Amino acid sequence: MRITTTIVLFLTLFLLFQTIVNASEALVNTDNLNVRSGPGTDHKKIGQVHTDQKYPVLQRQNGWVEIQLENSTGWITDDYITISGEDTSSVTSSNSDDASKTKSDSKENKSITIQYENTHIRKGPSTDYEITDFVNKGEKFDVISETNEWYEISNGEIKGFIFKPFVDKKSSSFATGLKSKTIVIDAGHGGRDVGAIGASGSYEKNVAYKTAMELKQELSILGAEVVLTRKNDEFIALGSRTSLANIVDADAFISIHYNSVPTLPNVTGIGTYYYYDQNKNLAKFIQQEVIKETNAKDRGITFGDFHVIRQTFKPGVLVELGFMSNLEKEQLLLTDAYQKKLVKGIVNGFAKYFGNRN
Ligand SMILES: [Zn+2]
């Protein structure tokens, strides 16, 4: 009985493998073709492939092909390759090349368990991809492929990519610093107080709110408790914002703003303000990481006598994430892609801050 089951299982796996391996192959038609970590030239270069080399195709996306490399996966543009074997009836399987590929592919069936509630599943291996699903703590998935930072996972129903720190306990040092920390996010202005007005007429209160919501989501995924000083477009006095931060016993407070100097439309850049000296470190980490993600002009960290950071008796900073008075920057700030970069920088800054204190 057990032997029969084993044989059947082996046969099934074998057939499955043959299908996957032979499903399609990319034949490279040029030398020094860059392999990137994601499907697009803005992704990091991780290697090169050359004329006449063949690689199994894992998936295709908007003119890019994910291929199986020896110990990892990578993306190449489909401009310089020929894809073969897409018609599975023309399977030819037994040259030594295929055999070696099957071997390198057949590392044990790895599965992972989700560590956090509402973990994002994305369409591709980068935060630039749209979120296609949310999964919860305890759910299990099979690993289809992996890169240094991402797993491609599936449970038959949901399929997509997940950032490794969200599942791997050993590689989650980045995430653990934020787990169960209480962070108060203060979206500047609101209601009748529109804040700065951008070059094309957008309101600071709306952009700051957008950033706050995205930040809330990312921090929550990493296990932080997030409290918002305003939950919609309403006017909230500065005193109420700070007393909330003090009441909930926050581990950190961040007030989100955008700048404007209409008389000097060329002024740009991002700056972070602190009031108390002991909060310089938090300001420094957030500023550094946001600049790293956005490549914006670095206006550094500065002492700032702002009510929200003076009256908050918890580690608090105020960020000015860009100048809306510069038309080009204003348009950039309104994009989801740029908002994600800002948020990623802030999250990394918090992670470093909490990581460094232990
Ligand atoms: Zn403001």
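**Entry 1: terms and overview**

I count a residue as exposed when its relative accessible area is over 50%, as buried when it is under 20%, and as partly exposed in between. I tried this on Asp52 first. Asp52 has a relative accessible area of 60%, so I put it down as exposed. I note early that this is a predicted model.

Next I looked at the whole chain. I found nine helices and 19 strands. The chain has 358 residues, and 47% of them count as buried. I also checked how far along the sequence the contacts reach. Taking contacts between residues at least 6 apart in sequence, 68% join residues at least 24 apart.

**Entry 2: the zinc ion**

Which protein residues are the donors of the zinc ion? I found His189 through NE2, Glu204 through OE and His257 through ND1. These donors lie 2.0 to 2.1 Å from the zinc ion. Along the chain I read their spacing as H-x14-E-x52-H.

I then placed two of them. His189 sits in the loop that runs between β14 (182-187) and α4 (204-221), while Glu204 belongs to helix α4 itself, so this pair ties together parts 15 residues apart in sequence. I looked up their accessibility too, and both His189 and Glu204 are buried. For His189 the relative accessible area is 18%, which is under 20%, so buried is the right word.

**Entry 3: two positive phi values**

I stayed with His189 for its backbone. Its phi is near 60°, a positive value in a residue other than glycine. I wrote this down because most residues other than glycine have a negative phi.

Asp52 gave me another case. Phi of Asp52 is near 75°, again positive in a residue other than glycine. Asp52 is in the loop between β3 (45-49) and β4 (54-61). Both residues are in loops: His189 lies between β14 and α4, and Asp52 lies between β3 and β4. Their accessibility sets them apart. Asp52 is exposed, whereas His189 is buried.

**Entry 4: Asp186 in β14**

Is Asp186 buried or exposed? I found 1% relative accessibility, so Asp186 counts as buried. Asp186 is part of strand β14. I listed its contacts, leaving aside neighbours within four places in sequence. They are Thr229, Arg241, Phe253, Ile254, Ser255, Ile256 and Val308.

**Entry 5: nonpolar cores**

I turned to the nonpolar cores. The largest has 57 residues. Which residues have the most contacts inside the largest core? I noted Ile185, Leu219, Ile254, Ile256 and Phe350. Helix α9 (residues 336-357) gives the most to this core, with nine residues.

I followed Ile256 further. Beyond four places in sequence, its contacts include Ile185, Asp186, Ala187 and Gly188. Ile256 also touches Ala208, Thr211, Ala212 and Leu215, as well as Val319 and Leu321. A second core is separate and has 13 residues, among them Ala26, Val49, Val65 and Ile67.

**Entry 6: the largest pocket**

I looked up the largest pocket. About 930 Å³ of space lies in it. How many residues line the largest pocket? I counted 32. Ser126, Thr127, Glu149, Trp150 and Lys344 lie nearest its centre.

I sorted the lining by element. β9 (119-122), α4 and α9 each supply at least two residues. Helix α9 has the largest share, seven residues. By class I found 11 nonpolar, 10 polar and 11 charged residues. Helix α9 thus turns up twice in my notes: it gives the most to the largest core, and the largest share of this lining comes from it.

**Entry 7: two strand residues**

I ended with Glu225 and Thr302. Glu225 is in strand β15 (residues 225-228). Glu225 and Ala250 are 25 residues apart along the chain, and their C-alpha atoms are separated by 9.1 Å. Beyond four places in sequence, Glu225 is in contact with Lys181, Thr182 and Ile183.

Thr302 is in strand β18 (residues 298-303). Its relative accessible area is 34%, so I call Thr302 partly exposed. Thr302 and Lys280 are 22 residues apart in sequence, and their C-alpha atoms are 8.6 Å apart. Leaving aside neighbours within four places, Thr302 is in contact with Thr272, Tyr273 and Tyr274.

Terms used: Residues numbered from 1 in each chain as written. Predicted model: local features only at pLDDT ≥ 70, side-chain atom pairs only at ≥ 80, totals over all residues. Heavy atoms only, no water. Donors = N, O, S within 2.8 Å, 3.2 Å for Na, K, Ca; no water. Helix = DSSP H or I, 4+ residues; strand = E, 2+ residues; numbered from the N terminus. Buried < 20%, exposed > 50% of the residue type's maximum accessible area, 1.4 Å probe, protein only. Contact = heavy atoms within 4.5 Å. Core = buried A, V, L, I, M, F, W, Y, C linked by side-chain atoms within 4.5 Å. 1 Å grid on protein atoms, 1.4 Å probe; cavity = no way out; pocket = protein on both sides within 12 Å on 5 of 7 lines; lining within 4 Å. Points joined across faces, edges and corners; volume = space filled by probe spheres on them. Nonpolar A, V, L, I, M, F, W, Y, C, P; charged D, E, K, R; others polar.
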